[in-house]
Amino acid sequence: MGTEQYHEPPSELPAATRTFARLCTSLTEEAEAIGWYEQRMAVEPDREALAIMRDAQGEEFKHFCMDLEFLLRRTPLWREIAEGILFSEGDIVEHGEEAEEEAVEGEASKGAPLAGSESLGIGTLRGTAS
Amino acid sequence: MSHLLREQAPITEATWRLLDDEARERLAPALAARKLVDFSGPRGWEHSATNLGRVEKVGDSPDGIDATQRRVMPLVEMRAPFSVARSELADADRGAEDVDLEELDQAAHRLAVAENAAVFNGWGAAGIAGIAESTPHDPIALGEDCERYPRHVAKAVDTLRGVGIDGPYGLALGPEAHTNVLETSQHGGYPLLEHLREIVGGPLVWAPGVEGAIVMRVGGDHFLFESGEDLSIGYLDHDVDAVRLYLEESFSFRVATPEAAVALTP
């Protein structure tokens, strides 16, 4: 059961990938718990019990955010896209499309070497000066 | 095999890595323009020209036909040749840590200075208008007194704000001005470098190839560097004593917003 979170043999996975997978599993569990509490609260008539469940659901949300932040810190491109989607008013799908386009174009303009290139791969040096 | 012909050189994979690492290490500190302008590409060695999005009328077109021709900016190819003694390459393969790559270091510096000079000063013969020569703002004289540098830089920043160019700004300092800044502390011992950094709010860059300094907007697609082939090492030929190589790149540069920079003359 400890290795159910892996889709590939754990022994073949690098440590960083195993950690990433663990946090993905954790994120899923938090999201499931948030959904379960939402359903429980919808049918619970006892106000005291309801308050406890609301508090517990808040904890799950907090853990969900911490897991998500961890994963985004390790995926800079997706972090950039997430920044264009989260905490903004307006059309969510539109924000998603725009954020993805800008982030991917930005990545391409940072001077990453072309596939098969024998260049030194220097590209842009913006952000490297003091 | 690419046009760099690296596979033809009598150089092992490990020594190619050594040469590439050395070139990167020497180039990065001196490539000032890349720390300030907008970089796009690399688009590959086959990329020959930058699209300017403009056309010009073609004369003598057939009756009833309006003809225009696209205007493009051809990329310039720069190459800095150098040699490495084969005995040094053999020593590198034995694990020597002090391989003599002096000529490579000099070639890297020449190429970096040439790139900076093209971007900041311009290169008429290659059709490149530089930042300093394009700006419509009057140049500001830096003068001899380093302690007055903050005043001049602040004036340049005010000039940019005055025409609606908001920050972040960057400061490219020619070698002499850069040395002066590093050596100077103001009243109370506060380093001049820190004071200038606070004024511009962006990077301060050592810029060999620049005389004086340039205050400019960083980002925002005002200064456009387009790379065809990014900096690479290629192979020319060899004899019993030495291997002849070269550092090479192709690029274009254009100023989209001339008013987004102010030149400070020595």
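Which residues are buried in helix H7 (residues 192-200) of chain B? The legends below address this question and the surroundings of the helix in a predicted model.

**Figure 1. Overall architecture of chain B in the predicted model.** Chain B comprises seven helices and 12 strands. Its C-alpha atoms occupy a box of roughly 75 × 60 × 25 Å along the principal axes. Of the 266 residues in chain B, 39% are buried. Among the contacts in chain B with a separation of 6 or more, 76% link residues 24 or more positions apart.

**Figure 2. Close-up of helix H7 of chain B.** Leu196(B), Ile199(B) and Val200(B) are the buried residues of this helix, which spans residues 192-200. Viewed down the axis of H7(B), these buried residues fall within an arc of 85 degrees, and therefore they line one face of the helix.

**Figure 3. Packing partners of H7(B) and the residue that follows the helix.** The buried residues of H7(B) pack against two helices of chain B, H5 (149-162) and H6 (175-183). They also pack against strands S6 (169-173), S7 (204-206) and S8 (213-217) of chain B. Just after H7(B), Gly201(B) adopts a positive phi of about 70 degrees.

**Figure 4. Contact region between chain A and chain B.** In this view, 16 residues of chain A are in contact with 24 residues of chain B. On the side of chain A that touches chain B, six residues are nonpolar, eight are polar and two are charged.

Key. Residues are numbered from 1 along each chain as its sequence is written. Chains are lettered from A and ligands numbered from 1 in the order in which they are written. This is a predicted model: local features need pLDDT of at least 70, side-chain atom pairs count only at pLDDT 80 or more; totals for chains, interfaces and linings use all residues. Helices (H or I, at least four residues) and strands (E, at least two) are DSSP runs, numbered from the N terminus. A residue is buried if 20 or more other C-beta atoms lie within 10 Å of its own, exposed if 12 or fewer, and partly exposed in between; C-beta atoms are placed from the backbone. Two residues are in contact if their C-beta atoms, placed from the backbone, lie within 7 Å. Ala, Val, Leu, Ile, Met, Phe, Trp, Tyr, Cys and Pro count as nonpolar, Asp, Glu, Lys and Arg as charged, and the others, Gly among them, as polar. The arc is that of the directions from the helix axis to the C-beta atoms.
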